[in-house]
Amino acid sequence: FRLPTRQYAIRRIEFDHWLLQRAGIPVQQHRVESIQRQAKRYVVDGAYSAQYLVGAGGTRCPVYRSLFREASPRAAKSLIVTLETEFPYPYTDPRCQLWFMEHGLSGYSWYVPKNNPQGQPSYLNVGIGGNAEGLRANGDRLKRHWALLVDNLERLGLVRGHEWRPRGHTYYLRQAQPEVRRDNALIAGDAVGLATRDMGEGIGPAIRSGLLAADAILDDTDYDIRAIPKVSLLPSLRRLVDAYRKRF
């Protein structure tokens with residue numbers, strides 16, 4: 001299945017760098033061990049304190065773990081596991097390609113080329129993801145599907161002779177009513193579990209939730225994520241995907 005529309009893609013590392021440069025503020029890296037509420041401020045490891053605290057640390061976000069997990073646990077059935085890698089590669093096919101529900105996988109794999117218009121190396125993003133509960137129920141493993149994907153890419157001539165080093169990631173699909181704010185602590189993106197229910201897309205909802213969290217702090221308003229779409233595909237494209245699934 002090849003996407004029938006024009007594709008715009010950026011490397012995550014480049015996007016993150018652009019955001020930090022645009023913000024124009026000092027950035028410090030620190031591994032969070034503990035978060036405490038003292039008076040009306042949040043204190044992190046006795047080293048940092050603030051009136052507001054935003055957790056955007058992904059599935060294992062320490063803000064979620066410390067302040068939200070007990071009252072707002074995530075549903076195990078919505079857990080997605082993935083294997084993914086991005087690397088420089090002189091690809092010859094510039095089309096984004098997706099493979100749905102192959103070999104009994106409750107999920108899909110992808111091949112996403114990312115061209116660099118400034119003369120730098122082009123990149124490929126290759127990955128596969130599926131429902132963790134479905135894999136366990138079938139006695140299956142995502143690594144088996146990864147090996148099948150690599151064989152498919154070789155067979156199609158999309159990637160040849162590459163030394164694969166995929167990394168694993170986990171995240172959660174959008175749930176009905178996730179708690180996103182407790183007093184002046186807010187969580188966004190995968191810390192909430194906002195990936196779309198049809199395609200498991202996380203970056204779009206993460207960006208939207210981050211903007212909404214910022215607006216809530218700056219304007220002293222409610223932090224409401226209901227406007228963030230729960231699905232990725234337009235109805236017409238969703239029908240095309242459903243037809244593909246039924247055919248194969």
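1. Let's start with strand E7, which is joined to strand E8 (residues 123–131) by 8 bridges, the two running antiparallel. One spot to look for is Ser-109, whose bridge partner in E8 is Ile-128. Keep in mind while you look around that this is a predicted model.

2. E7 has a partner in strand E6 (residues 97–100) too: 4 bridges join them, again antiparallel. E6 and E7 make a hairpin, with 6 residues between the strands. Have a look at Met-101 in that turn, where phi is positive, at about 55°.

3. Is E7 enclosed or open to the outside? Count its residues (107–114) and you'll find 8 of the 8 buried, so the strand is largely enclosed by the rest of the structure. Both of its faces are covered. On one side sit Gly-107, Ser-109, Tyr-111 and Pro-113, and on the other Tyr-108, Trp-110, Val-112 and Lys-114.

4. Now for the aromatic rings, where the count comes to 6 pairs. Take Phe-87 and Trp-164: their ring centres are 5.4 Å apart and the planes meet at 85°, and since anything over 60 degrees counts as edge-to-face, that is what this pair is. Phe-87 belongs to strand E5 (residues 79–88), while Trp-164 is in the loop between helix H4 (142–156) and strand E9 (167–172), so the pair ties together parts 77 residues apart in sequence. Both rings belong to buried residues: Phe-87 has a relative accessible area of 5%, and Trp-164 comes in at 18%.

5. What kind of pair do Phe-100 and Tyr-108 make? Their centres lie 5.2 Å apart with the planes at 40°, so this one is tilted. Phe-100 and Tyr-108 are both buried, and they are also bridge partners, with Tyr-108 on the E7 side.

6. Back to Phe-87 and Trp-164 for a moment. Ring pairs link these two with Tyr-89 and Trp-146 into a cluster.

7. Don't skip the charges over rings. Arg-11 lies over the face of Tyr-123, 3.7 Å from the ring centre. Arg-74 does something similar with Tyr-64: its charged end sits over the ring, 3.7 Å from the centre.

8. Last, find the open sheet of 3 strands, ordered E4-E11-E10 with mixed pairing. Strands E4 (53–55) and E10 (181–182) are at the edges with a single partner strand each, so one side of each has no neighbour in the sheet. E4 pairs with strand E11 (residues 185–187) in the parallel sense, over 3 bridges. Gly-55 is a handy place to check, as it stands opposite Ile-187 in E11.

Conventions. Residues are numbered from 1 along each chain as its sequence is written. This is a predicted model: local features need pLDDT of at least 70, side-chain atom pairs count only at pLDDT 80 or more; totals for chains, interfaces and linings use all residues. Side-chain values use heavy atoms; hydrogens and water are left out. Rings of Phe, Tyr and Trp (its six-membered ring) pair if their centres lie within 6.5 Å; planes under 30 degrees apart count as stacked, over 60 as edge-to-face and the rest as tilted. Buried means under 20% relative accessible area, exposed over 50%, partly exposed in between (1.4 Å probe, protein chains only). A charge sits over a ring if NZ of Lys or CZ of Arg is within 6 Å of the ring centre and within 35 degrees of the ring normal. Two strands pair if DSSP finds at least two bridges between them.
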